[in-house]
Amino acid sequence: MKQKVVVFSQIDQSILYQLEQQFQVVQISPKLGDVQQQIIEATRDADGMIGAGRILNATNLSQAKQLKVISSVSVGYDNYDLAYLNQQQIWLAHTPHVLTETTADLAFTLLMSAARKVASLDAWTKQGLWQRTVSEAQFGVDIYRKTLGIIGLGHIGEAIARRGFHGFNMNVLYHNRSENLSRASALNATYCDLNNLLKRSDFVVVAVDLNADSKALIGEAELALMQSHAVLVNIARGSVVDEQALIHALKNRQIFAAGLDVYAKEPLQHSELFELDNVVTLPHVGSATAATRKRMADLAYQNLLEALAGRQPTYVVNPLYQ
Ligand code: 8YV
């Protein structure tokens, strides 16, 4: 009898085809009704799951008595109840490394777009408002040789720092739970406590995992430490930054601008952010290139196959010995 795999989000079609050749596949789709109920029903006799972007926890996995693995097509895994998966001896696998450079590219895209008002000036030009030489209202801020503060010098944070250091001769500061001398030394990066980084940086990039320590890490007090010409970029998770405090800081021009790819609630449908001309809002596209998403899907597929064959996935989040 074929093992059963639940596909809980859109995945690469070639991967879906390969799954359907080997397993009984059930796809979850909002078009088929309540997603939570679909997950509860579909996982009753499921052996594996693959997908991304959905919360999976004790509630919607309560019937999943023979589930061996959740293979996430993502590097972040804050949307999974890891304690519950450990308790149920369910492997969680993810897709690190293959999206690092693509996500760092997007971070720098946001940094530069926010610094030079690309989104608002594009709209301004297309509305026919460019009628004479530009004035201070259209001026941006410089990037070259400025100070770049990275909150979270992990793989993605380090790739962002590389772009700043080698590409723009930026002075790199970083904040981590602990110093990362190996990564920092190659970039002349200086370890800073968070408050000092916020005070000294012209550009602050949030690149930390979302966890108990980083939730709401950047709030009203932290934003108040930033310089009025400073730019905040968030490519990590929305909940690391207090979104209402950021909106207040942007409205009051406490900081120059923000570049956001992630939000407290996604998709971002209705928000005061939409009314502001000093924030660039992208729809969580950090890893969203065809090539990178294919690499992620391939990696998630391999992780799933390993687990369903009884072997610990190469990129397991929670090493278990089932
Ligand atoms: C994913 C991401 O596509 O990998 C991550 O953690 O944030 C993105 O690359 C996203 O999580 C899917 O919902």
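This report walks through a predicted model, starting with its domains and ending with its ligand site and two backbone details.

## Two domains and their contact

Let's begin with the overall layout. The protein splits into domain 1, made of 4-97 + 291-308, and domain 2, which covers 100-281. Domain 1 is therefore written as two stretches of sequence, while domain 2 is a single range. Between the C-alpha centres of domain 1 and domain 2 there are 32 Å. Where the two meet, domain 1 supplies 5 residues to the contact and domain 2 supplies 5 residues.

## What the UniProt record says

Two annotations from an unreviewed UniProt entry are handy to set beside this division. One of them, "domain: D-isomer specific 2-hydroxyacid dehydrogenase catalytic", is placed at residues 5-318. In the model, that span is 35% helix and 14% strand, and its end C-alpha atoms are 20 Å apart.

The other, "domain: D-isomer specific 2-hydroxyacid dehydrogenase NAD-binding", comes from an unreviewed entry too and covers residues 109-286. Here the model gives 32% helix and 15% strand, with 10 Å separating the end C-alpha atoms.

## The ligand and its shell

Now for the part you may want to open in your viewer. Around the ligand sit Ala52, Gly53, Ser74, Val75, Gly76, Leu99, Arg237, His284, Ser287, Arg293 and Met296. Sorted by class, this shell holds 4 nonpolar, 5 polar and 2 charged residues.

Which residues place polar atoms 2.6 Å from an oxygen atom of the ligand? His284 does so with a polar side-chain atom, and Ser287 does so with an N or O atom of its side chain. Val75 takes part through its backbone: one of its polar backbone atoms is 2.7 Å from a ligand oxygen atom. Taken alone, the ligand would expose 330 Å², and the protein buries 82% of that.

## Two backbone details worth a look

Most residues other than glycine have a negative phi, and most peptide bonds are trans. Two places in this model depart from those habits, so they are good spots to inspect.

Where is the cis peptide bond? It runs from Glu266 to Pro267, with omega near 0°. Pro267 belongs to the loop that links strand 11 (257-260) and strand 12 (279-281).

The other place is Asn169, which is not a glycine yet has a positive phi of about 50°. Asn169 lies in the loop between helix 6 (155-168) and strand 7 (171-175).

Technical notes. Residues are numbered from 1 along each chain as its sequence is written. This is a predicted model: local features need pLDDT of at least 70, side-chain atom pairs count only at pLDDT 80 or more; totals for chains, interfaces and linings use all residues. Side-chain values use heavy atoms; hydrogens and water are left out. A residue is near a molecule or strand if one of its heavy atoms lies within 4 Å of it. A polar contact is a pair of N or O atoms within 3.5 Å; within protein, one must be able to donate a hydrogen and the other to accept it, and residues adjacent in sequence count only if both atoms are side-chain atoms. Accessible areas come from the Shrake-Rupley method with a 1.4 Å probe; for residues, only the protein chains shown count as cover. Ala, Val, Leu, Ile, Met, Phe, Trp, Tyr, Cys and Pro count as nonpolar, Asp, Glu, Lys and Arg as charged, and the others, Gly among them, as polar. UniProt positions are given in the numbering used here, feature names are shortened, and annotations may be inferred rather than shown by experiment. Helices (H or I, at least four residues) and strands (E, at least two) are DSSP runs, numbered from the N terminus. Contact means heavy atoms within 4.5 Å.
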